[in-house]
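Biologist: Please take me through the packing of nonpolar and aromatic side chains in this model.

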Amino acid sequence: MVFLNSTAVDVYFRSFSGHTQVNATDLKLLKYPSREVLLALGKWAKEQEAITGALTQEQIDARVATLRA
């Protein structure tokens, strides 16, 4: 969920789609980081939410910018 809510994914999605509605085929076309990276991102998100109560767009974007597949 955190990866899909990043600005980078939004910009990428809009580059090949003319709409903001997302369907299953659109999700299948996206390039995702490895499973391990996504799990680590989820763990980080849970930790941050426990500390701050909610993630900001800036936090999400900063963290996703550091990811490597």
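**Surface patch and core**

Biologist: Which residues form a nonpolar patch on the surface, and what is their accessible area together?

Modeller: The model is predicted: local features need pLDDT of at least 70, side-chain atom pairs count only at pLDDT 80 or more, and totals for chains, interfaces and linings use all residues. Residues are numbered from 1 along each chain as its sequence is written, and side-chain values use heavy atoms, leaving out hydrogens and water. A patch takes residues with over 30% relative accessible area and no salt bridge (Lys or Arg side-chain nitrogen within 4 Å of an Asp or Glu carboxyl oxygen), joining nonpolar side chains (Val, Leu, Ile, Met, Phe, Trp, Tyr) within 5 Å and like charges within 9 Å. By the Shrake-Rupley method with a 1.4 Å probe, only the protein chains shown counting as cover for residues, L4, V22, L27 and Y32 together have about 320 Å².

Biologist: Is F3 buried or exposed?

Modeller: Buried means under 20% relative accessible area, exposed over 50%, and partly exposed in between (1.4 Å probe, protein chains only). Y32, at 36%, is partly exposed. F3 has a relative accessible area of 11%, so F3 is buried.

Biologist: What is the geometry of the aromatic pair of F3 and Y32?

Modeller: Rings of Phe, Tyr and Trp (its six-membered ring) pair if their centres lie within 6.5 Å; planes under 30 degrees apart are stacked, over 60 edge-to-face, and the rest tilted. The structure holds one such pair. For F3 and Y32, the centres are 5.9 Å apart and the planes meet at 50 degrees, which is tilted.
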